[in-house]
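Me: I'd like to learn how to read a ligand site in a structure. Could you walk me through one?

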Amino acid sequence: MPFPANKDVSIQPASLEYARPLYELINSDRTHLSQWMNWVEMTQRVEDTISYVQIGIEQYRKGIGAQYMVFCRQHLCGMISFNRIEKNNRIGLVGYWLAREFCGKGIMTTALRQLIEIGFDEFQLNKIEVRCAVGNHSSQAIPERLGFNFDGVLRENEYLNGVFVDHKVYSILRREYPSSHSQN
Ligand SMILES: CC(C)(COP(=O)(O)OP(=O)(O)OC[C@H]1O[C@@H](n2cnc3c(N)ncnc32)[C@H](O)[C@@H]1OP(=O)(O)O)[C@@H](O)C(=O)NCCC(=O)NCCS
């Protein structure tokens with residue numbers, strides 16, 4: 001796929017209609033995805049992805065999370081989510097992944113920019129946070145590219161492929177985001 005323009009990338013709320021294509025994307029790319037995400041191993045059947053999307057829809061209804069599918073020129077490429085929204089504190093915790101064939105083109109950076117807009121506009125968040133395993137440089141580069149602050153390291157914050165890994169924490173505040181959001 002040639003390099004996409006920003007307008008070629010869109011994020012759409014996750015829906016059950018796409019559970020099977022999502023599962024197939026995960027299933028076709030296990031080695032790449034499981035390196036940094038421990039849920040991949042637990043996704044063994046399409047029913048697992050259906051349950052995951054159902055839980056996401058319920059979380060969205062309660063305002064405590066939100067999942068989006070990432071598309072580039074009509075191709076389903078991966079997902080980006082607020083894995084958790086802390087309503088009281090108005091913090092959203094972001095997770096994301098792309099199938100390998102869609103990596104290296106700026107798609108996730110564009111998707112995160114769109115999620116930030118949703119977080120500050122729709123969910124009225126004050127802070128959006130990304131946590132990346134210390135060795136996951138491609139993931140860290142995304143919040144760095146978008147001007148997030150590096151807040152520090154959470155020690156042994158995830159059990160991944162048999163070892164505890166530290167997480168680098170990045171965040172952006174509503175008032176730091178370069179748009180009209182800073183007025184509110
Ligand atoms: C993390 C992950 C989404 C990063 O994917 P990515 O393709 O590197 O990220 P982007 O889509 O933003 O693309 C950035 C790349 O495109 C290039 N690029 C091209 N055009 C670009 C543009 N307009 N804007 C930004 N980057 C652009 C960048 O230079 C960068 O390439 P490089 O790494 O060779 O320098 C991907 O590696 C992944 O899914 N990994 C497995 C799951 C995972 O680790 N998830 C995160 C857990 S915290």
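Me: Which polar backbone atom is 2.8 Å from an oxygen atom of the ligand?

Reply: Happy to help, and keep in mind that this is a predicted model. To read a polar contact, look for a pair of N or O atoms within 3.5 Å. Here, a polar backbone atom of Leu98 lies 2.8 Å from a ligand oxygen. Met108 also offers a polar backbone atom, 2.7 Å from an oxygen atom of the ligand. For a nitrogen atom of the ligand, look to Tyr96, where a backbone N or O atom is 2.8 Å away.

Me: How much of the ligand's accessible area does the protein cover?

Reply: On its own the ligand has 920 Å² of accessible area, and the protein covers 72% of that. The ligand takes up the space of the largest pocket.

Me: Which elements give two or more residues to the shell around the ligand?

Reply: They are strand S4 (91-98), helix H4 (107-121) and H5. H5 gives the most, with four residues. In total, 20 residues surround the ligand, and among the closest are Gly104, Thr109 and Asn136.

Me: Let's take one residue of H5. Is Ser139 buried or exposed?

Reply: The general idea is to compare the relative accessible area with a cut-off: buried means under 20%. Ser139 has a relative accessible area of 10%, so Ser139 counts as buried. Ser139 sits in helix H5, which spans residues 137-145.

Me: And what does Ser139 touch, not counting residues up to four places away in sequence?

Reply: Ser139 touches Tyr96 and Cys132. You have met Tyr96 already: a backbone N or O atom of Tyr96 lies 2.8 Å from a ligand nitrogen.

Note on methods
Residues are numbered from 1 along each chain as its sequence is written. This is a predicted model: local features need pLDDT of at least 70, side-chain atom pairs count only at pLDDT 80 or more; totals for chains, interfaces and linings use all residues. Side-chain values use heavy atoms; hydrogens and water are left out. Buried means under 20% relative accessible area, exposed over 50%, partly exposed in between (1.4 Å probe, protein chains only). Contact means heavy atoms within 4.5 Å. A residue is near a molecule or strand if one of its heavy atoms lies within 4 Å of it. A polar contact is a pair of N or O atoms within 3.5 Å; within protein, one must be able to donate a hydrogen and the other to accept it, and residues adjacent in sequence count only if both atoms are side-chain atoms. Accessible areas come from the Shrake-Rupley method with a 1.4 Å probe; for residues, only the protein chains shown count as cover. On a 1 Å grid over the protein atoms alone, a cavity is a set of points where a 1.4 Å probe fits but cannot get out, and a pocket is an open set with protein on both sides within 12 Å along at least five of seven lines; lining residues have an atom within 4 Å of a point. A molecule sits in a cavity or pocket if more than half of its atoms lie within 2 Å of its grid points.
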